[in-house]
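Here is a short report on one protein model. Keep the sequence and the 3D view open as you read.

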Amino acid sequence: MIFLKVEILFLIVVFAKWFSDVDATPQPFEDDNILLEETKSHSLRYAGDKIRHGRDDEQGVGVKRNLSSNKKLKRFKDTKDNTGTTNEPKVNKGSKGTKKEPKDVPSSRQPTPEPEPVRVETMSAVFRYETSLWDERSLKGKVTLDINAFEEGLLQLSKESNNVGITATLFNEKSEKIFQKTVGSEYSPMSKTPGIPFAERYDPKQSGWTGDTQFAIFSNTKAIVAATYLSSVVDTGLGALDEPIHEIVSEVGIHDTFANVTARMVLSHSSGAGWFDRHSLNNPHYKCIYDLTTTMEECVLKYLQLDATTEPTTKYSEPGTVASYNNEAFGILSLLIFRKTGKKYTDVVAEYMTTPLGMLETSYDCPAAKSTSDKPQVAFGICTTGHDFPKFVQMLANKGLSHDGKRVLSLNSVQQMFSRGTGTALNGSERLLPGLNLILSSCVARNTGIHGIMGYGLGTMFIPGRKGEVFAHAGSNGGFWAVAPGRYSGYIASSTIPPPNYSKISLM
């Protein structure tokens, strides 16, 4: 957690220090109305029963609602009415005074009209409202990028941190790469025989850091998880964000504790499922994960059975009611993707995300995270390089398009990642990680005294700064990424134990 704190501090400092305000007049984000466009999967797929997360009544209070019981459509009834006649459509018999059917098309072969598809909501009212706020939330002032000052700051940071290696990549308001440079050379290489405790996952520091050095990005991984689910399941029409898992995973009964958990809840840390220490074997979840004889599917199914009755050593909450940072629940998504696509989760990541983006050095085979392609640490298990991961950040900033213009993620899905995913959950719009005392915005820190993550989308942290919102994430090691829509975006990579002392740089 300490590592996460200092990574986030750097997020504020680096971008706030070198991006000066030129015109504070609020300006709308280009293509803001795209949030209101419905994709095929949004308009035709899914009416779920008893989804707790974000359903609302007339007063806007989250309640359970059955969306499907009254929405079944039948074109014609087969039962007789009181007069003894049927309600079926009358067939033209060719009698006098009526128009005969064409002789070359027998009546028995007349095509039967296809019933119109039932239009149902895939997004609850509270989330449709959240996404409609894009114009209001994205007001921003124009900025200019002082590349020289940015580079000087990187050099100073590396020097103050004993020549730590840092690779920084920056994109302008058009998502064009305008800066990429490596400074310093010291880093902590990943151990080839990593232990369970964090300190046992790295070897002593050495020189030789470059933009092509492999390292673990830990919680920066979460954005890739969100993008992969959206691209492979939602954008393809195979499923929806608000679909309860009991409708996808047959082993989960409708009355099970976490039956109504949805992908949106998992991606926004509001599933209510159990939290466990990944640096210990003294809990049932990671005891299963680190067991070489078990499969990922087995461990996720066992995890879904852990609740206050079966494993009371940790805290739980009703799905969708409390936002609380949770790595372990992300494993559920690997099972959902497998059941939806019929393909192994890590193969889907490669097919829909890393391969289209040309991220050939990025995968879940990551020693420092004790992650493999066969049994990935879904929430924090990716390894990459300082030159590879920025391609993903550039795609988000470019509204779902790769650097060569290929559509990787739909416009709607990108902005779902950047819209608050916690709904009516407690802490969802305030402090997701209050215990860390993270200062995420000089504006918030100075004017309110509130310290914490000020909202969470899907695999994305919200940082309400003075110059407009910034969407970002950091890891316990491995740097951080940030996207300020229509202004700038970037990724700053490093891998050293301990991380650079970002807190030495004062807030703007």
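The report covers disulfides, two buried loop residues, one strand and a cavity. The model is predicted.

## Two disulfides

The structure holds two disulfides. One joins Cys 288 and Cys 299. This pair links distant parts of the chain, with Cys 288 in helix H8 and Cys 299 in helix H9, which spans residues 296-303. Eleven residues separate the two cysteines. Both Cys 288 and Cys 299 are buried.

The other disulfide joins Cys 366 and Cys 383. Cys 366 sits in the loop between H11 and E8, while Cys 383 belongs to strand E8, so this link ties together parts that lie 17 residues apart in sequence. Are these two cysteines buried or exposed? Cys 366 has a relative accessible area of 1%, so it counts as buried. Cys 383 also has a value of 1%, so it is buried too.

What about handedness? The torsion about the S-S bond of Cys 288 and Cys 299 is about -90°, so that disulfide is left-handed. The link of Cys 366 and Cys 383 is right-handed, with 60° about its S-S bond. The table sets out the two bonds.

| Disulfide | Sulfur-sulfur distance | S-S torsion |
|---|---|---|
| Cys 288 and Cys 299 | 2.2 Å | about -90° |
| Cys 366 and Cys 383 | 2.1 Å | 60° |

Now number the bonded cysteines in sequence order. The pairing then reads 1-2, 3-4.

## Ser 371 in its loop

Cys 366 leads on to Ser 371. Ser 371 is found in the loop between helix H11 (345-354) and strand E8 (383-384). Why does Ser 371 count as buried? Its relative accessible area is 4%, and the cut-off for buried is under 20%.

Which residues does Ser 371 touch, leaving aside neighbours within four places in sequence? The contacts are Tyr 364, Asp 365, Cys 366, Pro 376, Gln 377 and Gly 381. Two of these partners appear again in polar contacts of the Ser 371 side chain. A polar atom of that side chain lies 2.8 Å from the backbone oxygen of Tyr 364. The side chain of Ser 371 also reaches the backbone oxygen of Gly 381, at 3.3 Å.

Ser 371 can also be placed against a residue elsewhere in the sequence. Tyr 290 is 81 residues away along the chain, yet the C-alpha atoms of Ser 371 and Tyr 290 are 9.3 Å apart.

## Asn 283 before helix H8

Turn next to Asn 283. It lies in the loop between helix H7 (263-267) and helix H8 (284-289). Its relative accessibility is 8%, so Asn 283 counts as buried.

Beyond its neighbours within four places in sequence, Asn 283 is in contact with Phe 276 and Asp 277. Where does the side chain of Asn 283 meet Tyr 286? One of its polar atoms lies 2.8 Å from the backbone nitrogen of Tyr 286. Thr 313 is 30 residues from Asn 283 along the chain, and their C-alpha atoms are separated by 8.6 Å.

## A cavity lined in part by H8

How many cavities of 30 Å³ or more does the model have? The count is eight. The second largest has a volume of about 80 Å³.

Its lining includes Tyr 286, the partner of Asn 283 described above. His 285 and Ile 289 are also among the lining residues. H8 gives the largest share of this lining, with three residues. Pro 376 and Gln 377 line the cavity as well, and both are in contact with Ser 371.

## Strand E12

The last stop is strand E12, residues 488-493. Six of its six residues are buried.

In a regular strand, side chains alternate between the two faces of the sheet. Which residues of E12 sit on each side? Tyr 488, Gly 490 and Ile 492 are on one side, with Ser 489, Tyr 491 and Ala 493 on the other. Both faces are covered.

E12 has two strand partners described here. Strand E3 (residues 166-171) runs antiparallel to E12, and five bridges join them. Phe 171 stands opposite Ser 489. Strand E11 (residues 480-484) also pairs with E12 in the antiparallel sense, over five bridges. Here Trp 481 has Tyr 491 as its bridge partner.

E11 and E12 form a hairpin with three residues between the strands. In that hairpin, Gly 486 takes a positive phi near 75°.

How values were computed: Residues numbered from 1 in each chain as written. Predicted model: local features only at pLDDT ≥ 70, side-chain atom pairs only at ≥ 80, totals over all residues. Heavy atoms only, no water. Helix = DSSP H or I, 4+ residues; strand = E, 2+ residues; numbered from the N terminus. Buried < 20%, exposed > 50% of the residue type's maximum accessible area, 1.4 Å probe, protein only. Contact = heavy atoms within 4.5 Å. Polar contact = N/O pair within 3.5 Å; in protein donor to acceptor, adjacent residues only side chain to side chain. Pairing = 2+ DSSP bridges. Disulfide = S-S within 2.5 Å. 1 Å grid on protein atoms, 1.4 Å probe; cavity = no way out; pocket = protein on both sides within 12 Å on 5 of 7 lines; lining within 4 Å. Points joined across faces, edges and corners; volume = space filled by probe spheres on them.
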